[in-house]
Amino acid sequence: MKAVDHVLALDHGTTSTRAMVFDATGSPVSTSQIPHAQFTPQPGWVEHDALEVWHNARHVIAEALDRAALATRDVAAVGIANQRETTVVWDRRDGRPVAPAIVWQDVRTAQQIDGIDRAVGGTEVRRRTGLQLSSYFSVTKLMWILDNVPGVREAADAGHLMFGTMDTWLLWNLTGGSVGGVHSTDVTNASRTALMDIRALRWDDDLLAALRIPRSLLPEIHPSADRFGLVRTGGPLDGVAVAALVGDQQAALYGHGITTPGQAKCTYGTGGFVMSHTGTGAVLSDSGLLPTAAFQQAGSPVTYALEGSIAVAGSLFQWLRDRLRVLDDVRDSERLAASVEDSAGIVLVPAFSGLFAPHWRPDARGAILGLTSYAGREHIVRAGLDAIAHQVADVSDAAQQDSGLRIDELSVDGGATSNALLMQIQADILGIPVRRPRMLEMTAYGAALAAGVGIGLWADRQAAPTIQDHDSWTPTRTPSWRTATRAQWADAVQRSLGWAGSQAHDPRDRSEGGPDGDAVHSSRPSQR
């Protein structure tokens, strides 16, 4: 790789879009980041303005290049990492979305889940796609738009509309939009729609027919590292190849250099995302985890992972500050929690919108158990840190049970990993070392490396740069302590179940960066 070559990562997350430029050694050169609004027009609804996202993407690309004093000729390739499952449908003729993008946290689609269950059956969907029937995945969001936005079903049947997750939306606009834009996605994002055959890596025509989804809506599925097309925006990067699309969690896995079965990582962002590499075979989970495409380089077999998604991780810090008001500043969480030896018997279950993996219980609701008159806010904050670590341990335990592969170390990234006490608690609860690279932006890093591989700057992940500097935490607690605290957590989880239908809440106060970011919310009505 020539010294003048750089790779740009466009990292689109739940609350912001970031562009990062990396040099030939994999070192970050510049960055630009801008938030986008979160719209919650009804309880359980979470939306983004896809046009705002595209505008912001252009802004951060230009600003990152300017800050690095780089010209287009200095950039070898672009890689896109994106929040997954978030769904947008737009008109191919003018590029305008037909409705707001429905975000991955949105839970409005119960009727669509029932319709899929009647038309296909949850067991058959799982057999074909590997995924549970859940509002989490893109298919229910796409069906909701087709069923509820006036005129959309007719326009889709006429072939005028396009569907995509946010990688597809950004790629299409970058490569020309309504004038020749490339309509593609990659295996990692396609595997999160509940429409892709998890083994054959193609859209499942039987599912499409049963669910009345026109094939013309869907993008082409490619390997993650591939030559998708050239940037055609009339601005910076024109003529540069987009050489990688990869879902954000898979990008982090790739950034960590995890390529061996049994290796695992957790990203602590808005939610928590644990991935355990399972090699070239998709492992169907009996424990509520999700088999997902981990990565594919053009010309090579796809690799898979088991994933468990946790709804509330870094966003718990905002809740403790904004709703419970036991924190004045999220940055105080470590100091306050460290001021006490433990949580004084308090267990906090942050099931604000149900529990995700491995429980998959939408009827669960948040609970604080074990309160006494002795307890203070510092104990509640400490219980919050414990809760994040226990949820990660739930997924880790399930992944080992399903795959038969032992996880000996956990690689971590994301904003909440700046909390050293949380990392120590995590090591204690798991009983294994926790390892954090000094550079926390692993999603962007993984997208940049994937783009370099996709354009041929590096032969594969092994030939690409690897971060050498890490911090690590080793367990300090006894096995008996671990057994007792895990049992107490399991009891608290059981007590949080069965609350659906009490009072609807919309606890969607999330920030992708964990404790250092703030989401922007609005009660703007949904565009219909």
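**Exercise 1.** W360 lies in the loop between β20 and β21; establish whether W360 is buried or exposed.

*Solution.* The model is a predicted one, in which local features need pLDDT of at least 70 and side-chain atom pairs count only at pLDDT 80 or more, whereas totals for chains, interfaces and linings use all residues. Residues are numbered from 1 along each chain as its sequence is written, and side-chain values use heavy atoms, with hydrogens and water left out. Strands (E, at least two residues) and helices (H or I, at least four) are DSSP runs numbered from the N terminus. W360 has a relative accessibility of 18%, so it counts as buried (under 20% relative accessible area; exposed is over 50%, partly exposed in between; 1.4 Å probe, protein chains only). Its phi is positive, about 50 degrees, although W360 is not a glycine.

**Exercise 2.** Find which peptide bond is cis and give its omega.

*Solution.* The cis bond joins A357 and P358, with omega about -5 degrees. P358 is placed in the loop between β20 (347-349) and β21 (367-369).

**Exercise 3.** Explain why helix α4 (residues 138-148) is described as largely enclosed by the rest of the structure.

*Solution.* Begin with the residues: S138, V139, T140, K141, L142, M143, W144, I145 and L146 are buried. Nine of the eleven residues of α4 are therefore buried, which is why the helix is largely enclosed. Next, consider the partners: the buried residues pack against elements including β7 (87-91), α2 (110-119) and β9 (161-165), where contact means heavy atoms within 4.5 Å.
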